[in-house]
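Thanks for making the time this morning. I would like to walk you through one model, starting with a helix and its surroundings and ending with a few backbone details.

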Amino acid sequence: MSDVDERPAARVICLDRDGRVLLMHWYDHVDDTEVWEPPGGRLEPGETPLEAARRELTEETGLPGSAVLDRHVEVDRDFRWLGTRFLKRELFYLARFAEERPPVDPGALTEEERAAFRGCVWVEELPEGVDPPELASLIERLARQPV
């Protein structure tokens, strides 16, 4: 029986100048599954979701947290990762970059993240296994919001 983690989290949908999406590629050795998802993670004590999104973006990608816009959509998520069930509402923020495929440097990953990290890529088409499954519609909703 696995534990359930309900701690709040924030993620960042990053779009480059041509509309490519940055996805992190992870491998869950407990469930032997691969996952593609936007950068992000749980909130630290006393941190707002926007602060967490900006911190997580910088930690996981080396991209500037200041690129994260103060606009989001809420997503109810139910997924498993490393033997734990995550049941939570996450806020997905948008970050836009003026260049093509800005370089990514995931230099501040935790030890657990380093063990699961398989790379990241700017994609034009979302791959199979993207999480959350409705990511394409989330991107569309965020991109349509006025600046």
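**Helix α1 and its surroundings**

The buried residues of α1 are covered by elements that include β2, β3, β5 (40–42), β6 (68–81), β7 and α2. Please keep in mind throughout that this is a predicted model.

Which residues of α1 are the buried ones? They are L50, A52, A53, R55, E56, L57, E60 and T61, so the list holds charged residues as well as nonpolar ones by the cut-off used here, under 20% relative accessible area. The helix itself has 13 residues, and from its first C-alpha to its last it reaches 18 Å, close to the 18 Å expected at 1.5 Å a residue. After α1 comes G62, where phi is positive, near 80 degrees.

Let me stay with one residue of this helix, E56, which is found in α1 (residues 49–61). Its relative accessible area is 6%, and E56 therefore counts as buried, the cut-off being under 20%. If we leave aside the neighbours within four places in sequence, the residues in contact with E56 are G40, G41, R42 and E113.

Now to the nonpolar cores. The largest one has 17 residues, and those touching the most other members are V12, C14, L57, V68, Y93, A95 and F97. The elements that give two or more residues to this core are β2 (9–15), α1 and β7, and α1 gives the most, with 4 residues. Apart from this core lies another, of 15 residues, with V73, L94, L135 and L138 among them.

Finally, the backbone. As a reminder, most residues other than glycine have a negative phi, and most peptide bonds are trans. Against that background, D32 has a positive phi, near 55 degrees, and D32 lies in the loop between β3 (21–28) and β4 (33–37). Is D32 buried or exposed? With a relative accessible area of 55%, D32 is exposed, because the cut-off for that word is over 50%.

R101 likewise has a positive phi, near 45 degrees, and is found in the loop between β7 (84–96) and α2 (111–116); at 39% relative accessibility, R101 counts as partly exposed.

The last item is a peptide bond: the one joining D131 and P132 is cis, with omega at about 5 degrees, and P132 lies in the loop between β8 (117–123) and α3 (135–144).

Definitions and conventions
Residues are numbered from 1 along each chain as its sequence is written. This is a predicted model: local features need pLDDT of at least 70, side-chain atom pairs count only at pLDDT 80 or more; totals for chains, interfaces and linings use all residues. Side-chain values use heavy atoms; hydrogens and water are left out. Buried means under 20% relative accessible area, exposed over 50%, partly exposed in between (1.4 Å probe, protein chains only). Contact means heavy atoms within 4.5 Å. A nonpolar core is a set of buried Ala, Val, Leu, Ile, Met, Phe, Trp, Tyr and Cys residues joined through side-chain atoms within 4.5 Å. The expected span of a helix is 1.5 Å times one less than its number of residues.
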